Amino acid sequence: MPATSVTSATSVVSASRRRAAVRLLSVVAFGSLALTGCGEGKEPADPTDPTAVAASTGKTPWAGTKQFVTVDKVWAEGGLTYLSVRPAEKKVNTQFDTWEIIPGTGAFTTVTMAKDARVLLTAPVRGDDASGAGRGEPLPASQAEFVTLLTQLDAGTAAGVGYDLSFDGQGRVAKLQSQYRP
């Protein structure tokens, strides 16, 4: 085969690969623009930040989801219970059969509890006075009891407790369960 045939065949293959690579990169670039909403002046919302989700989607924060959070404060006002929460992480502590709570960072967000929300508390939130129950066993409590118990905890203990929250379709807390931490 003459040298010119090999060179021109190589040029054709390289040119077709370049065109294919350019097309692939174009598709990726346009796809990422569409997914990030580029051109609308908006950054993609962080799904763990309810304020960002509400601002970018117009939907109620965390509606219909489950979140693990830490609670900064809790209060009752006008017949409703409010929580100031921030997303957190929980990891199993196999040495003690409990949870290791890793607090999140950023601002706290206020959420409202549904009037019929279920509250389940473990130690240290509920204390040790539950006869016949283990410290890690979640026991039902009223929202008023939860407000009282959490406000009576010392700040260091309260900051280290995590909560599993389930939200209804309106973004209200439908279920709250504290996670056992000795």
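**Strands, a pocket and a core**

Author: In this predicted model, K73 of β1 stands opposite S84 in β2.

Reader: What makes β1 and β2 a pair?

Author: The two strands, residues 66-77 and 80-87, are joined by eight bridges. Pairing asks for at least two bridges, so β1 and β2 qualify. Their sense is antiparallel. In the hairpin they form, two residues lie between the strands, and G78 takes a positive phi near 60°.

Reader: How do you know that β1 also pairs with β7?

Author: The test is again at least two bridges. β1 and β7 (residues 162-167) have five bridges in the antiparallel sense, so they count as a pair. Within this pairing, T70 stands opposite G162 in β7.

Reader: What makes α4 a helix, given that it covers residues 155-159?

Author: A helix needs a run of at least four residues. The run 155-159 meets that limit, so α4 is listed as a helix. The protein has four helices and eight strands, in the order α-α-β-β-β-β-β-β-α-α-β-β from the N terminus.

Reader: Why is the largest pocket called a pocket and not a cavity?

Author: A cavity is closed to the probe, whereas a pocket is an open set of points, so the name says that this space is open. The volume of the largest pocket is about 190 Å³.

Reader: What makes a residue part of the lining of the largest pocket, and which lie nearest its centre?

Author: A lining residue has an atom within 4 Å of a point of the pocket. The lining holds 13 residues, and V71, D72, K73, A158 and A159 lie nearest the centre. β1 gives the most, with five residues; α3 and α4 each supply at least two. By type, the lining has eight nonpolar, two polar and three charged residues.

Reader: What makes L83 a member of the largest nonpolar core?

Author: Members must be buried, with under 20% relative accessible area, and joined through side-chain atoms within 4.5 Å. L83 is one of the 25 residues in this core, so L83 is buried. Along with F146, Y163, L165 and L176, L83 touches the most other members. β5 gives the most residues to this core, six.

Reader: What does L83 touch outside its own stretch of sequence?

Author: Leaving out residues up to four places away, the partners of L83 include V71, K73, W75, M113, F146, L165 and L176.

Reader: How much of the protein counts as buried?

Author: Of its 182 residues, 30% fall under the 20% limit and so count as buried.

How values were computed:
Residues are numbered from 1 along each chain as its sequence is written. This is a predicted model: local features need pLDDT of at least 70, side-chain atom pairs count only at pLDDT 80 or more; totals for chains, interfaces and linings use all residues. Side-chain values use heavy atoms; hydrogens and water are left out. On a 1 Å grid over the protein atoms alone, a cavity is a set of points where a 1.4 Å probe fits but cannot get out, and a pocket is an open set with protein on both sides within 12 Å along at least five of seven lines; lining residues have an atom within 4 Å of a point. Grid points are joined across faces, edges and corners, and a volume is the space filled by probe spheres set on the points. Ala, Val, Leu, Ile, Met, Phe, Trp, Tyr, Cys and Pro count as nonpolar, Asp, Glu, Lys and Arg as charged, and the others, Gly among them, as polar. Buried means under 20% relative accessible area, exposed over 50%, partly exposed in between (1.4 Å probe, protein chains only). Contact means heavy atoms within 4.5 Å.
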